[in-house]
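Trainee: New structure on my screen. Can you walk me through it?
Mentor: Sure, open it up and ask away.

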Amino acid sequence: MLAVTSDDTHAITVMAGTQLVKTELLINAALYYCEHEPTAVLLVQPTQNAAESFSKERLAPSIEASPVLRELFETGAHNDANTITAKHGPGFSLHLVGANSPTDLASRPKRVILCDEIDKYPVSAGAEGDPLKLAEERASTYKAVGRAKFVRTCSPTVKNESRIGREYAASDQRRLYVQCPHCFEHQTLSWANMRWSKDEAGEHLPDTAAISCGVCGVLWTERERIAALDELATAPDHGWRQTAEFSCCGIKQIPVVWNAEGRSLCSECNQPSPYAGHAGFCVSKLYSKRHSLADVVREFLEAQGDPELLRKWTNTALAELWEVKCGDGLNENALMQRAELYDGDSLPECIVTITGFADVQDDRLEVQLIAWGAQEECWPFRYEVLHGDPAQPQVWLDLDMLLRERFKTVTGRLHMIDAFGIDTGGHFAAEVYEFCKQHRGRRVFATKGRAGSWPIWPGNAIKSNSGHNLWMLGVDSAKETIYSRLKITPPDLGERKPGYVHFPVSDQFGPLYFKGLNSERRETRKRAGVTYSVWVQVVLRNEQLDTFVGALAVRKSLPAHIRMQTEIKTVAQRPLPPAPIEPVQEPVQQPIQRQEIVHGDDDGSRHSAFVQQPQRRPGWFKPRSSGWMTNRR
């Protein structure tokens, strides 16, 4: 807030983890300019619905909590000037709009522009261009006379694509320095200095997490970390120091010396570095008193083996940009050479579920089936082309027969296909919807891919134009996950490895299959001045990749008791004590259920722990007496 109210600062960029600083800063800034410097304020959310929710759930309670603000906004009486997204008072106005509405962004001048979650803004507001630039253009009149104020907040996303990353790079890049309680040196808190222990079995112990001083190496206790953060309240610079490179005395310099206000000093003339009025702040959960270090470590361990979760953790916990490293393609020959001896009648005993996906072409259906084990390790085992016209019933009958098949593990344990998806993006959407409708009880989903930063599997279906349920898949996230996992090195013989993709020795998985699997590349492009990424097809056929994407997506649709067995579980759970044995008239020895919890280390090692599940004694639930549902007179 000191930067928000400073006369020499016109732009404030906050790149922070989730549940840190951002929302409170925007609310405080908006209400400050309404009460203390009445002016025109614009607060921009990613969508209009988000703007309305922010007003009702975050802004309104803050106003109601203050008698002064209640009177200022006249909340107790009917006031036509104040609505959910437009509020007026003596000398001020506060409008809340969505970044997807070019009309709202481009109308009427504003002095203060507050932009939240800017990485979630669309690439362009209609045909008008970058919503962030469009919103801030409304303050151009005030900017010309040095009175405009811009505040942008968000957690970062992908490097070279993130708006908040771009804006922070253009700022003075302030970082928070805290003092070591042992050697008294000031330093930033980084993940590289995190330490925690393992038990004798090699299992991680997040509750032992601590920060190691980057200078003296002594571990801080959690109490010392909190105390060090509390001391920042009385520091002249409150711990914030400029870290951006600057030029002075003809030399380009990296800051190593600061004054009491946190301004970097020139090593030659000892004068403060040039300041263009753009203050940038970056803060991670390592600085949060609300989040313990143990919780941050748990999030990290749970993300191992899953690039999607690891990216989310990097962005939202460390407040760091995620660098994509899967655009150069794969070594197809190396993938083929690691083929193993298994098929649909000899699947590994460790598999938990099977999913599949069908890509619909004009003259065929291409189907891939994948078996999934713990830690999201998987075994594609069947790739089949069902020839026929999708407008005719025969090819759909063939698909129905395939869905009815049963598959066996090496010990003869039978598995069916637990979830299946079909692409509706071709010319036969009506036939796909009809087939899925007939098989809705068997978890067969009509799907369609959408590009962008979307979850691999949506929380809910949308309605198609014909009124059918349609599940929109985050195909970009899925492709990034798949390509990252295909680069995992093979495990040792007999070992398991989180996220590793196996392949069988089979004609179905020959050179054509791997060429299709390696058929796309991630490219960075620009539109309306905004950098974004797209996946570009570089070979003629990509059905092998598309069906892998679909099978991965529908796996996330499975019921929790199945899905959770295949997801990453790294944090050790301590065994529960056996349930006490209570005497009964006819004691029956109940078998102890054992649930295997699998843990994977960074080096690919695997550990297991068995958790005993207490059993209910016989007769613990008794039926109600007869007539309990009859009406009482």
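Trainee: Which residue stands opposite histidine 278 in S16?
Mentor: Alanine 11 does. Strands here are DSSP runs of E, at least two residues, and helices are runs of H or I, at least four, both numbered from the N terminus.

Trainee: And how do S1 and S16 run, and how many bridges join them?
Mentor: Strand S1 (residues 11-16) and strand S16 (residues 278-283) run parallel, and six bridges join them. At least two DSSP bridges are needed for two strands to count as paired.

Trainee: Which helix touches S1?
Mentor: Helix H1 (residues 22-35) packs on the sheet there. H1 also touches S2 (40-45), S4 (92-98), S5 (112-116) and S6 (149-154). Touching means heavy atoms within 4.5 Å. The direction of H1 makes about 160° with that of S6. Such angles run from 0 to 180 degrees between N-to-C directions, on lines fitted to C-alpha atoms, for helices over the stretch in contact.

Trainee: What does helix H2 touch?
Mentor: H2 (residues 48-64) packs on the sheet too, against S2, S3, S4 and S5. Its direction makes about 130° with that of S4.

Trainee: Any caveats before I go on?
Mentor: This is a predicted model, so local features need pLDDT of at least 70 and side-chain atom pairs 80 or more, while totals for chains, interfaces and linings use all residues. Residues are numbered from 1 along each chain as its sequence is written, and side-chain values use heavy atoms, without hydrogens and water.

Trainee: Back to that sheet. What is the strand order?
Mentor: It is an open sheet of nine strands: S3-S4-S2-S5-S6-S1-S16-S7-S13, with mixed pairing.

Trainee: Which strands stand at the edges?
Mentor: Strands S3 (86-89) and S13 (240-242). Each has a single partner strand, so one side of each is left without a neighbour in the sheet.

Trainee: What about the seven-strand sheet? What order there?
Mentor: S19-S18-S17-S22-S23-S25-S24, open and mixed again. S17 (residues 353-361) pairs with S22 (residues 419-423) in the parallel sense, over four bridges. In that pair, alanine 358 stands opposite isoleucine 422.

Trainee: Which strands does H16 touch?
Mentor: Helix H16 (residues 543-555) touches S17, S18 (364-372), S19, S22, S23 and S25. Helix H13 (residues 429-438) lies across S17, S22, S23 (444-450) and S25 (469-474), at about 140° to S23.

Trainee: New topic. How many cavities of 30 Å³ or more?
Mentor: One. A cavity is a set of points on a 1 Å grid over the protein atoms alone where a 1.4 Å probe fits but cannot get out; lining residues have an atom within 4 Å of a point. The largest cavity holds about 40 Å³ of space, a volume filled by probe spheres set on the points, which are joined across faces, edges and corners.

Trainee: Which residues line it?
Mentor: Trp372, Cys378, Thr481, Ile482, Arg485, Val501, Phe548 and Leu552. Helix H14 (475-486) gives the most, three residues.

Trainee: Last one, histidine 182. Where is it found?
Mentor: In the loop between S8 (178-179) and S9 (186-187). Histidine 182 is partly exposed because its relative accessibility is 35%; buried is under 20%, exposed over 50%, with a 1.4 Å probe and protein chains only. Beyond four places in sequence, histidine 182 touches Cys216, Val218, Leu219, Trp220 and Glu224.

Note on methods:
1 Å grid on protein atoms, 1.4 Å probe; cavity = no way out; pocket = protein on both sides within 12 Å on 5 of 7 lines; lining within 4 Å.
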